[in-house]
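Thank you all for coming. I would like to spend a few minutes on charged and polar side chains, so please have the sequence and the structure open as we go.

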Amino acid sequence: MSSVIRQIPLDTATQHHSHDFHQIVIGLQGRAEFEIEGLGGAISALSGCIVPANHVHYYVGQGKNRQLILDLPADAPSLTGYHHELSRLFDAPRFFALDKPLQHYLDFLLLEQSSSQDSLSAAQSDRLAATFLGCLHARLGGETPPPAKRRLNLAKLDRFIDRHLAAPISVADLAGQACLSEAHFSSCFREQTGLSPWQYVRRRRLEAARRLLEESRMPLSQIAVSTGFAHQSALSHAFRSAFGCPPSQLRRAVLERPSPRDATNRLQHTT
């Protein structure tokens, strides 16, 4: 399948879905908010986000907005063959800003798109997408980490994550705690934990949510916000995927457990 490049406004009511292809979303006008499997952020003109395939994402446009969207199947020419390394861009969701050279390339891409009588051909779309992805990869993931890997202080990272659960946490934030570049940090992190930084943060958020469900009477909507999920439904979807049941089911099970006082009273009554 080939890449598809299109322009659309985003609905001003919150929507969510997932799809089996990767996606790049770049703001052209206005503002939009995204949450991609627990990673939240906003895009405006000349900034964008990476949405890996099969990642549930919530999105909402604000006012008059317009986005350029690149739909990128995993088997597209822009991500295979000579360009196969570019697929690493989609290891995890992230947000980015376009620097001056990429802004100029975006202008060129838009001109190419507008000059086509109907729409870009499949070959044109793949060439334009591959060039953009190559430039983006060089900025976000093209740095080659040093061969020597160092052990990361996971306890320090856990403390940082736990202090900032309610806020967006980027790879750059975590890399800063380790005093490493993003590329070197990501390489060390995956080697040490077997997870990407995004997967690790998501697991930490879900573990915190489960503790709050078991140990507090906080409403589910408040638990979602305090653990970094934009919506209760986003927490519910991630929770079900991780633990096999919705958070409401765990909350009911906790509420139905007899308290230690009840157990003591029953024991006294029987004796």
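Let me begin with aspartate 162, which counts as partly exposed at a relative accessibility of 32%, and please keep in mind throughout that we are looking at a predicted model. Its partner is arginine 204, and in the salt bridge between these two residues the closest N and O atoms are 3.0 Å apart. Because arginine 204 lies in helix 6 (residues 197–215) while aspartate 162 lies in helix 3 (residues 154–163), the pair ties together parts that are 42 residues apart in sequence. Arginine 204 is also partly exposed, its relative accessible area being 21%, and since buried means under 20%, that value does not qualify as buried. The pair does not stand alone, for Asp158 joins Asp162 and Arg204 in a network of salt bridges.

How many salt bridges does the structure hold? There are five, and I would like to show you two others.

One of them joins the side chains of arginine 6 and aspartate 71, with an N to O distance of 2.6 Å. This pair links distant parts of the chain, given that arginine 6 sits in strand 1 (residues 4–8) and aspartate 71 in strand 6 (residues 57–72), with their positions 65 residues apart in the numbering. Is each partner buried or exposed? Aspartate 71 is buried, with a relative accessible area of 9%, whereas arginine 6 is partly exposed at 29%.

The other brings together the side chains of arginine 88 and aspartate 91, again in a salt bridge, at 2.6 Å from N to O. Here arginine 88 is partly exposed, with a relative accessible area of 48%, and aspartate 91 is likewise partly exposed, at 32%. As a general reminder, side chains of opposite charge can pair when their charged atoms come close.

Finally, let us turn to histidine 19, which is found in the loop between strand 2 (15–17) and strand 3 (22–36). Although placed in a loop, histidine 19 is buried, with a relative accessible area of 12%. Which side chains does histidine 19 meet through polar contacts? One such contact, of 3.3 Å, reaches the side chain of glutamine 23, and another, of 3.4 Å, reaches the side chain of histidine 57. If we set aside the neighbours within four places in sequence, histidine 19 is in contact with Val51, Ala53, Asn54 and His57, so that His57 appears here as well as in the polar contact I have just described.

Conventions: Residues numbered from 1 in each chain as written. Predicted model: local features only at pLDDT ≥ 70, side-chain atom pairs only at ≥ 80, totals over all residues. Heavy atoms only, no water. Helix = DSSP H or I, 4+ residues; strand = E, 2+ residues; numbered from the N terminus. Buried < 20%, exposed > 50% of the residue type's maximum accessible area, 1.4 Å probe, protein only. Polar contact = N/O pair within 3.5 Å; in protein donor to acceptor, adjacent residues only side chain to side chain. Contact = heavy atoms within 4.5 Å. Salt bridge = Lys/Arg side-chain N within 4 Å of Asp/Glu carboxyl O.
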